[in-house]
Amino acid sequence: MARLKVGVLISGRGSNLQALIDACARPGFPAEIALVLSNVAGVKGLERAERAGIQCRVLAHRDFPNRAAFDTAIDAALTQAGIGLVCLAGFMRILGEAFVERWRDRLVNIHPSLMPAFKGLHTHERALAAGVRFTGCTVHFVRAAMDDGPIIVQAAVPVLPGDDAERLAARVLEAEHEAYPLALRFIAEGRVRVVEERVEIAGSITKPPSHLLNPQG
Ligand code: GAR
């Protein structure tokens, strides 16, 4: 079967991009990354794409007169490359409503919180300030509102004594690197449906314990 052609949009480090590259390199993985687009030149993520032999392009938002023109250029590059699914991986520009609607249910994002908690920036600082015992990450379909949309996969991560934002971010990032490839696999296998703005995944196995305690006793 033909593999799903994925375009990945980045702005920086690209560790989630790397997780997706590694997953796609596994034998039988149902997706391939055909294009990496960055809105920032010279970032580590672009190096990762080049090293993996993936076509990459820089479209700097500053080179465009407005958001619509920038979005149109991204759309054109994705369409030209025959992309079927767009993965935002640390892409720090908000995409306009027209773009989001055009790619509806073919555009996913990873966010470093258990949505709908802690949308936006500084998620780990805010999780620590709120004193939550668990945080995590969410892979979701993108909607026009920021960090919003039907949830595909979440990973829960405990907040531990002595955590600062950096330590917590590192623990969540590890979970991100597992959650994003899993969500991509579900989508590429054609098992994901959005029904009334909630995601159904055909044949998925739910095997976590019925609940997690933190602290444990
Ligand atoms: C990741 O933690 C991702 O969840 C976050 O940016 C980081 C990018 O890291 N995304 C957002 O906050 C989007 N709202 P990476 O470039 O190493 O993948």
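**Around the ligand and beyond**

Biologist: A backbone N or O atom of Asn-16 lies 2.9 Å from an oxygen atom of the ligand. What makes this a polar contact?

Modeller: A polar contact is a pair of N or O atoms within 3.5 Å (within protein, one must be able to donate a hydrogen and the other to accept it, and residues adjacent in sequence count only if both atoms are side-chain atoms). At 2.9 Å, the Asn-16 pair therefore qualifies. Side-chain N or O atoms of Arg-13 and of Ser-15 each lie 2.6 Å from a ligand oxygen, so these pairs count too. The protein covers 87% of the 450 Å² of accessible area that the ligand has on its own, by the Shrake-Rupley method with a 1.4 Å probe.

Please remember that this is a predicted model: local features need pLDDT of at least 70, side-chain atom pairs count only at pLDDT 80 or more, and totals for chains, interfaces and linings use all residues. Residues are numbered from 1 along each chain as its sequence is written, and side-chain values use heavy atoms, with hydrogens and water left out.

Biologist: Which residues are around the ligand?

Modeller: Among them are Gly-90, Met-92, His-111, Asp-147 and Glu-176. A residue is near a molecule if one of its heavy atoms lies within 4 Å of it. The shell divides into 4 nonpolar, 5 polar and 3 charged residues.

Biologist: How do you know that the charge of Arg-106 sits over the ring of Trp-103?

Modeller: The rule asks for CZ of Arg, or NZ of Lys, within 6 Å of the ring centre and within 35 degrees of the ring normal. The charged end of Arg-106 is 4.3 Å from the centre of the Trp-103 ring and sits over it.

Biologist: Why is the reach of H6 called close to the expected span?

Modeller: Helices (H or I, at least four residues) are DSSP runs, numbered from the N terminus. The expected span is 1.5 Å times one less than the number of residues. H6 has 24 residues, so 34 Å is expected, and its first and last C-alpha are 33 Å apart. After H6 comes Gly-190, with a positive phi near 75 degrees.

Biologist: What is the peptide bond from Met-115 to Pro-116?

Modeller: That bond is cis, with omega near 10 degrees. Pro-116 is in the loop between E5 and helix H5 (123–130). His-122, also in the loop between E5 and H5, has a positive phi of about 55 degrees although it is not a glycine.

Note on methods:
Ala, Val, Leu, Ile, Met, Phe, Trp, Tyr, Cys and Pro count as nonpolar, Asp, Glu, Lys and Arg as charged, and the others, Gly among them, as polar. Helices (H or I, at least four residues) and strands (E, at least two) are DSSP runs, numbered from the N terminus.
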